[in-house]
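Visitor: I'd like a close look at one part of this model: how the strands are put together, and which charged side chains pair up. Please take it slowly, and give me the cut-offs as you go.

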Amino acid sequence: MTSATGPFDERSQPSRDPREPIPTPWESFSAVAELVHRRKVGVVVELGTPEASLGTDLAVYAAEVGIPTLLCAPRRPPHVPPLLMVDTDARPTASRVNEHLQAHHRGREFEFLVVEHYDRMSPDEHPYAERYDPIDDLDHEPLTPADELLRSVQLIRTSFPSLFTTALPSTPDTSRSLLQTLDIDHPASVLTDACKPVLTLHRTDLRTVQARIELSSHPGPQLVTLPWPTIPAMRTLAELRQALTAHGAADDRVLLDADIDGVDLDDLDRIRGIVRVHRQRVIQKAATAILPSPHADE
């Protein structure tokens, strides 16, 4: 496998001070998230928006700049750099994640963990469950799903930064705290106990996103504006072709048509794979308009 700059060689990767924060494509996001030693950061996004793929985007970026990264996500990204390990288990557990983290990836220890849609996490078997007697233990209160979700995050043992995301079906209200707008057992609300800080993101225009920062050590929430490129709608082949014409290279649309024309219509997995690749081309082209490249210095 090759990276954007040629054949990958683990030995060529520069050593990194683990006390340094994990870099991201957005300087303003890096400043507010502060992905540093032992920190667990939570992010609440809106489904269907460009920032909904934040976790995967950050994991891919970190791996591209030489940081061994574990990504737990529902699906693999179109491009997987050599230093990125992807776990697509539908219901990951804390023990499964810890097992991955204890192993080495390409001969190096992990330095960054991303769990996208962390509300997919499934609890490990609680040791007390084997001893629980409903007659003798009348005071026993079983853990709620929210308790189990919080416990799953807390049981992930890392000394390096980690990021957990969850998505809302509607636009987040950044004028109020999550606990004021959502039920206390909602996964986004649970994040406020599991992570510090928790960032709630709301797109305000084509180029910017408003972030509400909730951190108990602060006197109150902070609202900041982050540069964030908008991505054109690509829900149909017609929209994808239009996006490739507007943002892609001269022959990208021709390549899409050639790829689709050569596929059996019953091969839905292959068609989905082609669409994902071409969508990613549009996203990368649109992002480079205002986002720095991880290899800009080279």
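Guide: Two strands count as paired if DSSP finds at least two bridges between them. Helices (H or I, at least four residues) and strands (E, at least two) are DSSP runs, numbered from the N terminus. What you're looking at is a predicted model, so local features need pLDDT of at least 70 and side-chain atom pairs count only at pLDDT 80 or more, while totals for chains, interfaces and linings use all residues. Residues are numbered from 1 along each chain as its sequence is written, and side-chain values use heavy atoms, with hydrogens and water left out.

First, the setting. The protein has 9 helices and 10 strands. Of its 298 residues, 45% are buried, meaning under 20% relative accessible area, with exposed over 50% and partly exposed in between (1.4 Å probe, protein chains only).

Now for the sheet. Eight strands form an open sheet, in the order 5-4-6-7-3-8-9-10, and the pairing is mixed. At the edges stand strand 5 (84–87) and strand 10 (222–227); each has a single partner strand, so one side of each is left without a neighbour in the sheet. From one strand to the next, the twist averages 20°; axes here are lines fitted to C-alpha atoms, for helices over the stretch in contact, and angles run from 0 to 180 degrees between N-to-C directions.

Zoom in on strand 6 (residues 112–115) and strand 7 (residues 162–168): these two run parallel and are joined by 3 bridges. Leu113 has Ser162 of strand 7 opposite. Helix 3 (residues 94–102) lies across strand 4 (69–72), strand 5 and strand 6, and runs at about 160° to strand 4. Contact, by the way, means heavy atoms within 4.5 Å. Among contacts with a separation of 6 or more in the protein, 65% are between residues 24 or more positions apart.

On to the charged pairs. Side chains of opposite charge can pair when their charged atoms come close. The rule used for a salt bridge is a side-chain nitrogen of Lys or Arg within 4 Å of a carboxyl oxygen of Asp or Glu, and the whole structure has 8 of them.

One that involves the sheet is Arg203 with Glu51, at 3.2 Å from N to O. This pair ties together distant parts of the chain, 152 residues apart: Arg203 sits in strand 8 (residues 198–203), and Glu51 in the loop between strand 3 (40–46) and helix 2 (54–64). Both partners are tucked away: Arg203 is buried at 17% relative accessible area, and Glu51 is buried at 1%.

Then there's Asp89 with Arg96, whose closest N and O atoms are 3.9 Å apart. Here Asp89 is partly exposed at 26%, and so is Arg96 at 33%. Asp87 joins these two, and the three residues are linked in a network of salt bridges.

A further pair is Arg39 with Glu34, where the closest N and O atoms are 2.9 Å apart. In that one Arg39 is buried, with 16% relative accessibility, whereas Glu34 is partly exposed at 40%.
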